[in-house]
Amino acid sequence: MTKPCILCVAITGSLPTKANNPAVPITVSEQVDSTHEAFQAGATIVHAHVRNDDQTPSSDPDKFAALKEGIEKHCPGMIVQFSTGGRSGAGRTRGGMLSLRPDMASLSVGSNNFPTRVYENPPDLVDWLAGEMLVHDVKPEIEAFDLSHILKAKAMADKGQLAGTPYIQFVMGVKNAMPVDRDVFDYYIQTVHRLFGKDAPWCAAGIGQHQLTLNEWAIAAGGHARTGLEDNVRLDRDRLAPSNAALVRRAAEICARHDRPVATVEQARDILGLRPATLVKGQAA
Ligand SMILES: [Zn+2]
């Protein structure tokens with residue numbers, strides 16, 4: 001199989017702190033440096049949350065703006081994806097940065113349990129976030145924590161709430177949500193193909209020790225892969241991951257084993273139906 005594989009790096013998330021792994025980038029400047037290193041290792045999408053100085057999650061549009069500017073300057077053409085999911089319960093402030101027009105944003109279309117709480121995505125908020133993404137030309141990445149979320153994306157696409165072919169990410173291994181289950185994974189792929197067509201791109205993310213498993217499964221099955229310190233702070237049982245880039249390099253090695261070239265920025269944008277890199281504002285020469 002020679003289909004290029006898009007590598008997404010989820011650099012920070014809303015949970016891990018320096019206490020879990022000192023390499024987790026917290027400040028915008030740390031985030032830009034970590035993203036740049038991951039970009040050089042082959043990542044073409046950066047999935048980003050922002051943090052307050054005390055490491056707690058933030059929705060501050062100014063921080064998102066500074067991050068976007070830094071990434072566009074140092075990582076030309078890289079696809080910037082903001083998280084709208086990191087602060088469950090925060091309502092519409094979760095989408096307050098969409099007017100900055102990142103290339104993409106994550107979109108959770110249903111609720112489910114997380115390790116210690118409910119991950120709340122009420123229907124009116126989902127509709128509002130999807131509407132803001134349409135207005136600001138932001139492509140959603142649908143976070144499928146459950147099979148029903150893939151079918152919900154189809155219903156939203158049919159109603160004109162999502163532009164283009166939805167890009168579905170299967171998330172497995174979150175405690176109290178969908179476990180890492182090969183039969184379910186295969187059925188997810190089958191469902192994406194049935195609803196959105198054989199060529200519809202999809203990706204997968206595994207949490208904690210399952211990151212490596214989901215990288216392997218997705219890359220071998222022709223999907224795209226997400227890695228990064230948001231989902232997993234360890235290289236293996238004994239070692240912390242030294243950087244986001246180290247996790248990207250690990251995913252790139254899996255690609256090499258499966259004869260999947262790591263997608264370039266141009267290839268990734270083409271596969272996802274995004275504007276070409278040359279038209280991205282603020283891009284370095
Ligand atoms: Zn995230």
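Two residues are in contact when they have heavy atoms within 4.5 Å. Keep that in mind as you work through helix α7 in this predicted model.

**Exercise 1.** Work out how the span of α7 compares with the expected one.

*Solution.* Start with the residues: α7 covers 244-257, which makes 14 residues. Next, go from the first C-alpha to the last, and you get 21 Å. At 1.5 Å a residue you'd expect 20 Å, so the helix comes out close to that, because the expected span is 1.5 Å times one less than the number of residues.

**Exercise 2.** Is α7 largely enclosed or not, and what do its buried residues pack against?

*Solution.* Buried means under 20% relative accessible area. Ten of the 14 residues pass that test, so α7 is largely enclosed by the rest of the structure. Among them are Leu247, Val248, Arg250 and Ile254. Now look for their partners: the buried residues pack against β1 (7-10), α1 (28-41), α6 (210-220) and β12 (224-227).

**Exercise 3.** Describe how α1 and α7 pack together.

*Solution.* First take the angle, about 15 degrees, and then the distance between the axes, 8 Å. That angle makes α1 roughly parallel to α7. The crossing is right-handed. Finally, find who meets whom: Ser34, Glu37, Ala38 and Ala41 in α1 meet Asn244, Ala245, Val248, Arg249 and Ala252 in α7.

**Exercise 4.** Which residue caps the N-terminal end of α7, and which residue with positive phi follows the helix?

*Solution.* At the N-terminal end, look at serine 243: one of its side-chain oxygens lies 3.4 Å from the backbone nitrogen of alanine 245, capping the helix. After α7 comes aspartate 259, with a positive phi near 60 degrees.

Key
Residues numbered from 1 in each chain as written. Predicted model: local features only at pLDDT ≥ 70, side-chain atom pairs only at ≥ 80, totals over all residues. Heavy atoms only, no water. Helix = DSSP H or I, 4+ residues; strand = E, 2+ residues; numbered from the N terminus. Buried < 20%, exposed > 50% of the residue type's maximum accessible area, 1.4 Å probe, protein only. Polar contact = N/O pair within 3.5 Å; in protein donor to acceptor, adjacent residues only side chain to side chain. Axes fitted to C-alpha atoms, helices over the stretch in contact; angles between N-to-C directions. Parallel < 35°, antiparallel > 145°, perpendicular 65-115°, else oblique. Left-handed = near helix turned anticlockwise from the far one by under 90°.
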